[in-house]
Amino acid sequence: MWQAVDRIAQPVTPASRGGVDDGVEKDGVEKDGVEKDGVETDGVETDGVENDGVENDGVETDGVETDGVETDGVETDGVETDGVETIERIDFEPAGTAPYDRVADRIACSEAATEVAGWRTGSIDAIYIDPPFGTGVARLGRGHRYADRADDPDAFVAWLLPLLEEGQRVLAPHGSLFVHLDYRTVHYVKVALDRLFGRDLFVNELVWCYAVGGKSRRGFGRKHDTILWYARSADWAFYPDAVRVPRRGGSHMRVVLDGDRPVQEKTDRRTGRVYRYPVAAGKVPEDWWSDIETLNHSDRERIGWPSQKPERLVERIIHAVTRPGDRVADWFAGSGTTAAVAQRLGRGFMVCDRERAAVDLCVVRLAAQGRALAIAGTPPPPLEILRSSC
Ligand SMILES: C[S@@+](CC[C@H](N)C(=O)[O-])C[C@H]1O[C@@H](n2cnc3c(N)ncnc32)[C@H](O)[C@@H]1O
């Protein structure tokens with residue numbers, strides 16, 4: 001029988017943690033240059049998919065209805081650390097049976113700047129971040145909220161850039177960074193990332209299309225987010241066969257039989273050359289994704305944190321650039337979508353969020369999934385939880 005969860009709370013100093021490469025710097029370096037405090041906000045926005053900023057009638061955003069009450073924002077404290085980390089640990093394997101050097105996954109309740117400064121250079125294979133979008137209003141979920149950044153793109157870039165620089169530092173040479181944004185700031189951040197990584201290491205602008213949310217009466221509905229993908233070096237990893245999707249009917253290609261195997265076929269009018277693609281093999285998606293819907297009101301995946309993203313979205317990204325055993329990071333963890341997908345797919349992870357409530361939700365989500373994986377015979381690594389910073 002699996003003893004699925006074994007909780008041990010122990011104070012550990014950074015210097016006392018060692019032995020295996022857990023991706024965390026042991027010198028407790030503090031980094032400044034990133035604002036630690038919350039942003040004053042003066043409004044309310046429902047969570048998940050942004051509304052289109054034009055006019056929303058009937059107001060269904062991504063499934064959480066709000067009463068339109070004005071708020072004066074949410075403020076969270078800055079972080080004070082005293083150099084001592086309090087770590088709770090959840091083991092998913094029976095006591096004494098876990099390989100002695102199995103690297104633990106990590107979730108920290110922390111300011112991103114403080115947490116990421118402690119991560120080892122070159123230790124991360126993929127980073128997916130989904131920052132606050134700079135709406136200028138508090139984001140509300142089911143019983144939860146967090147403060148967004150001010151609606152000021154220049155200030156937004158000034159705040160995010162030091163974190164992106166740290167992201168570049170911690171990426172392995174074959175590693176990739178994915179930054180999830182929307183129309184408000186994506187073009188500002190892309191210029192900053194082009195300068196930081198170099199335009200030749202810009203890989204894709206992924207357009208995630210969805211349908212749920214408010215409608216516009218004065219323009220077309222703003223129904224996509226943008227995910228910018230940059231590589232650490234020209235040797236970036238990409239596993240296209242891991243992200244194949246079914247070939248759709250109704251395209252410009254006809255479906256014919258090649259023996260007893262259906263293939264999509266097209267003929268190049270200029271050269272006369274015939275191209276055939278087996279239907280069963282699927283295809284690598286293009287850079288616009290319309291086959292993953294945002295989480296709706298009653299989605300079982302929803303756990304109540306504002307702006308929770310669908311696991312399938314993050315899963316495609318993680319599959320595309322990592323293999324089992326690689327390590328994934330997200331310093332705006334929210335409900336823990338990145339961590340949950342990484343855990344389920346056998347990748348290690350390091351995540352943080354400044355909000356204690358978000359970290360609490362992540363822990364519940366990861367503990368439940370970890371137990372289920374253990375019962376299924378594939379226990380994930382231990383989970384270390386650091387709550388001392390918020
Ligand atoms: C858009 S949400 C992330 C949602 C997440 N992708 C999910 O699927 O649940 C952004 C998160 O960033 C966190 N956050 C904002 N500023 C932060 C900071 N300076 N350091 C750490 N976390 C921060 C917020 O608390 C919020 O949970």
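Axes here are lines fitted to C-alpha atoms, for helices over the stretch in contact, and the angle between two axes runs from 0 to 180 degrees between their N-to-C directions. The exercises below concern a predicted model.

**Exercise 1. Determine how helix 4 lies against helix 5, and which residues make the contact.**

Step 1. Take helix 4, residues 311–321, and compare its axis with that of helix 5: the two come within 9 Å and cross at roughly 60°.

Step 2. Angles under 35 degrees count as roughly parallel and 65 to 115 as roughly perpendicular, so the crossing makes helix 4 oblique to helix 5. In handedness, the crossing of these two helices is right-handed.

Step 3. On the side of helix 4, the contact is made by Glu311, Val314, Glu315 and Ile318, and these meet Thr337, Thr338, Ala340, Val341 and Ala342 of helix 5. Sorted by class, the residues of this contact are 5 nonpolar, 2 polar and 2 charged.

**Exercise 2. Describe the packing of helix 5 with helix 6.**

Step 1. Helix 5 covers residues 337–344 and helix 6 covers residues 356–375; they pack at an angle of about 15°, and their axes are 10 Å apart.

Step 2. Because angles under 35 degrees count as roughly parallel, helix 5 is roughly parallel to helix 6. The crossing of this pair is right-handed.

Step 3. Helix 5 contributes Ala339, Ala340, Gln343 and Arg344 to the contact, while helix 6 contributes Cys362, Arg365, Leu366, Gln369 and Gly370. Divided by class, the contact of helix 5 with helix 6 holds 4 nonpolar, 3 polar and 2 charged residues.

**Exercise 3. Work out the strand order of the open sheet that contains strands 11, 12 and 13, and identify its edge strands.**

Step 1. The sheet has 3 strands in the order 11-12-13, and their pairing is antiparallel.

Step 2. Strand 11 (254–258) and strand 13 (274–278) each pair on one side only, which makes them the edge strands. From one strand to the next, the twist averages 40°.

Step 3. Strand 12, residues 261–267, runs antiparallel to strand 13 and is joined to it by 5 bridges. Across this pairing, glutamate 265 stands opposite arginine 276 of strand 13.

**Exercise 4. Characterise the residues around the ligand.**

Step 1. There are 20 residues around the ligand, and those that come nearest are Ala112, Phe332, Gly334, Ser335 and Thr337.

Step 2. By class, the shell around the ligand consists of 9 nonpolar, 5 polar and 6 charged residues.

Step 3. Thr337, one of the residues that come nearest to the ligand, is also among the helix 5 residues in the contact with helix 4.

Methods: Residues are numbered from 1 along each chain as its sequence is written. This is a predicted model: local features need pLDDT of at least 70, side-chain atom pairs count only at pLDDT 80 or more; totals for chains, interfaces and linings use all residues. Two strands pair if DSSP finds at least two bridges between them. Helices (H or I, at least four residues) and strands (E, at least two) are DSSP runs, numbered from the N terminus. Angles under 35 degrees count as roughly parallel, over 145 as roughly antiparallel, 65 to 115 as roughly perpendicular and the rest as oblique. A crossing is left-handed if the near helix is turned anticlockwise from the far one by less than a right angle, and right-handed if clockwise. Two residues are in contact if their C-beta atoms, placed from the backbone, lie within 7 Å. Ala, Val, Leu, Ile, Met, Phe, Trp, Tyr, Cys and Pro count as nonpolar, Asp, Glu, Lys and Arg as charged, and the others, Gly among them, as polar. A residue is near a molecule or strand if its C-beta atom, placed from the backbone, lies within 6 Å of it.
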